[in-house]
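Got the model open in your viewer? Let's walk through it piece by piece, beginning with a single residue and working outwards.

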Amino acid sequence: NPTKGHFVRFNLDYSHPRLGSTRTINFAKMATTLSHYLPLGSSSIVWANSLRGGYVANLSNLSDGGVPSQQTFFLGGRSTIRGFDPQTELIPRVEELRSPNGNALANINDFSLKGDSHFYLIKSEIRFPLYGSLGGVIFYDGGAVVIPGFRFEKQYRDSAGFGLRVTTPVGPLNLEIGYKLNRIAKSSVLDALNQPIDYRESKYQIHLSIGSF
């Protein structure tokens, strides 16, 4: 639960069949995080900011090659953009991702990235004490995933909210509620059978977790 200073992280992943991946998987991926913690007036009130970004590229020249969905970028959930359910409200949505022949996907695990993709994410929050080990937080999260060749209904997604935190020996215990700022109230999409269905996002999501960025 840092109160001042900087935190920098850089990750680089490389996958090649000669290193043990399957014949069709060959990609490079990098991601970086820069976080800064600024005390406001006293060390008990902290303005925390985090800027993240990443890039992944498919290096396979095989027709069935691609980056598996587990290694591509998605946003949504407590660790990225609060206010979104990472199980049902991934960014981008599975309904907006298509196979090379244009067919809808049954689930996100069927997605394979044929080209490249990048993402950017901003997280900002003010942390303040309330009573004893109990504290509060006001936050804003926003970001986007960009995949050339794909157009999304709303690419940049963001949220704002507040929460309570209790300091524990293993890190802060968080109860937070995030409200979508550009919610998709209603959208017609095609399911895996190319049948039109109505899609609606919830107005907010509640998150319970341990730890902070």
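Start with E96, which is buried: its relative accessible area is 15%, and the cut-off for that label is under 20%. Keep in mind as you look around that this is a predicted model. Where does E96 lie? Look in the loop between β4 (67–68) and β5 (112–113). Leaving out neighbours within four places in sequence, its contacts are F150, F152 and E153. With E153 there is something more specific to see: a polar atom of the E96 side chain lies 2.8 Å from the backbone nitrogen of E153.

Now for another charged residue, K123. You'll find K123 in strand β6 (residues 116–131). Is K123 buried or exposed? With a relative accessible area of 2%, K123 counts as buried, again going by the under 20% cut-off. Its side chain has a polar contact of 3.2 Å with the side chain of D141. If you set aside residues up to four places away in sequence, K123 still touches a long list, including A48, N49, S50 and R52, then R78, S79, T80 and R82, and also Y140 and F213.

Strand β6 brings us to the sheet. Strands of a sheet pair through backbone hydrogen bonds, either parallel or antiparallel. Here, 8 strands make an open sheet with antiparallel pairing, and the order to trace is β1-β2-β3-β6-β7-β8-β9-β12. Why do β1 and β12 each have one side without a neighbour in the sheet? β1 (5–15) and β12 (204–210) stand at the edges and have a single partner strand each, so one side of each stays unpaired. From one strand to the next, the twist averages 15 degrees.

Let's zoom in on some of the pairs. β2 (residues 27–40) and β3 (residues 42–58) run antiparallel and share 14 bridges. As a landmark there, pick A31, whose bridge partner in β3 is G54.

Further along the sheet, β8 (residues 157–168) and β9 are connected by a hairpin through 2 residues. They run antiparallel and are joined by 10 bridges, and you can spot S159 standing opposite K180 in β9. On to the next pair: β9 and β12 are also antiparallel, with 7 bridges between them. Here L175 has L208 in β12 as its bridge partner.

Finally, what about β9 (residues 171–180) as a whole? Of its 10 residues, 7 are buried, so the strand is largely enclosed by the rest of the structure.

Notes: Residues are numbered from 1 along each chain as its sequence is written. This is a predicted model: local features need pLDDT of at least 70, side-chain atom pairs count only at pLDDT 80 or more; totals for chains, interfaces and linings use all residues. Side-chain values use heavy atoms; hydrogens and water are left out. Two strands pair if DSSP finds at least two bridges between them. Helices (H or I, at least four residues) and strands (E, at least two) are DSSP runs, numbered from the N terminus. Axes are lines fitted to C-alpha atoms, for helices over the stretch in contact, and angles run from 0 to 180 degrees between N-to-C directions. Buried means under 20% relative accessible area, exposed over 50%, partly exposed in between (1.4 Å probe, protein chains only). A polar contact is a pair of N or O atoms within 3.5 Å; within protein, one must be able to donate a hydrogen and the other to accept it, and residues adjacent in sequence count only if both atoms are side-chain atoms. Contact means heavy atoms within 4.5 Å.
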